[in-house]
Amino acid sequence: MNLARRTMNAPALAAVYERAWRPALFYLASGRSMDTDRRDAARTLRLCGPKRVLDLACGPGNFTRHLSRELTGEGRVIGLDYSEPMLAQAIRDNTAARAAYVRGDARTLPFADGAFDAVCCFGALYLIPDPLRATREMIRVLAPGGRIAISTSHRAPGWFGTVSTAVGGAGGLRVFDTATFPALFAEAGLTDIDQQIHRLLQYVSATRPA
Ligand SMILES: C[S@@+](CC[C@H](N)C(=O)[O-])C[C@H]1O[C@@H](n2cnc3c(N)ncnc32)[C@H](O)[C@@H]1O
């Protein structure tokens with residue numbers, strides 16, 4: 001297990017992730033606050049009503065509970081993660097009526113085809129071994145008409161991109177080309193593909209045609 005994966009399994013990180021680690025590191029990487037990312041996620045995923053939502057690699061549930069607030073009736077957000085300390089922290093800090101947590105591996109999702117109206121994975125694909133397989137799993141469980149949104153690393157141009165890719169790689173963090181996810185979404189037949197770059201992060205969303 002590499003350094004990044006070991007870190008995500010540490011109870012000490014789970015305890016400080018939502019309050020300190022995530023706000024500080026993601027602000028440095030993207031210039032965006034967690035509140036901005038949460039608001040944009042709910043809007044991009046078009047959450048409302050009784051939708052079924054999957055928050056893949058949910059960590060301590062720092063998006064899961066906020067996304068669940070947009071839902072009504074039978075609407076639910078399932079937060080899935082493989083780290084037991086992260087899930088224990090999610091239950092402590094982010095329990096909500098329309099949020100539930102499941103332990104699992106993003107590469108082999110325990111859900112039927114088309115089980116969700118919206119699927120997201122924020123700040124995690126660069127940690128997951130075989131991230132493209134995990135992305136295809138997200139598309140598989142997305143219902144026709146559903147929305148998908150990811151945020152992940154992005155290779156900056158020039159020497160800075162070369163250095164950040166080498167440093168990230170040494171720690172076990174993958175850095176993706178700009179074209180990787182839009183191309184994968186297009187190959188899978190998704191439409192409305194949108195990509196935004198904020199410093200070292202990319203935000204990509206799309207629709208599965210009805
Ligand atoms: C940096 S946290 C992201 C948490 C949250 N989504 C956010 O944006 O702040 C990355 C999470 O990915 C999870 N993760 C890594 N590999 C995974 C896998 N193969 N299956 C499920 N979760 C995984 C880790 O356990 C960790 O909780």
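**Questions about a predicted model**

Guide: In this predicted model, glycine 146 is found in strand E5, residues 142-153.

Visitor: Why is glycine 146 called buried?

Guide: Buried means under 20% relative accessible area. Glycine 146 has 3% relative accessibility, so it counts as buried.

Visitor: What makes the contact of aspartate 40 and arginine 43 a salt bridge?

Guide: The cut-off is 4 Å between a side-chain nitrogen of Lys or Arg and a carboxyl oxygen of Asp or Glu. The side chains of aspartate 40 and arginine 43 meet at 3.1 Å, N to O, and that is within 4 Å, so the pair is a salt bridge. Both residues lie in helix H3 (residues 34-44), three residues apart.

Visitor: Is arginine 43 buried or exposed?

Guide: Exposed means over 50%. Arginine 43 is at 54% relative accessibility and therefore counts as exposed. Aspartate 40, with a relative accessible area of 24%, is partly exposed.

Visitor: Which residues are linked with these two in a network of salt bridges?

Guide: The network links Arg22, Arg32, Asp37, Asp40 and Arg43. Within it, aspartate 37 and arginine 32 meet at 2.8 Å, N to O, and both are buried.

Visitor: Why are helices H6 and H8 called oblique to each other?

Guide: The axes of H6 (residues 131-140) and H8 (residues 180-187) cross at roughly 40°. Angles under 35 degrees count as roughly parallel, and 65 to 115 as roughly perpendicular. The crossing angle of roughly 40° fits neither range, so H6 and H8 are oblique. Their axes come within 11 Å, and the crossing is right-handed.

Terms used: Residues are numbered from 1 along each chain as its sequence is written. This is a predicted model: local features need pLDDT of at least 70, side-chain atom pairs count only at pLDDT 80 or more; totals for chains, interfaces and linings use all residues. Side-chain values use heavy atoms; hydrogens and water are left out. Axes are lines fitted to C-alpha atoms, for helices over the stretch in contact, and angles run from 0 to 180 degrees between N-to-C directions. Helices (H or I, at least four residues) and strands (E, at least two) are DSSP runs, numbered from the N terminus. A crossing is left-handed if the near helix is turned anticlockwise from the far one by less than a right angle, and right-handed if clockwise. Buried means under 20% relative accessible area, exposed over 50%, partly exposed in between (1.4 Å probe, protein chains only).
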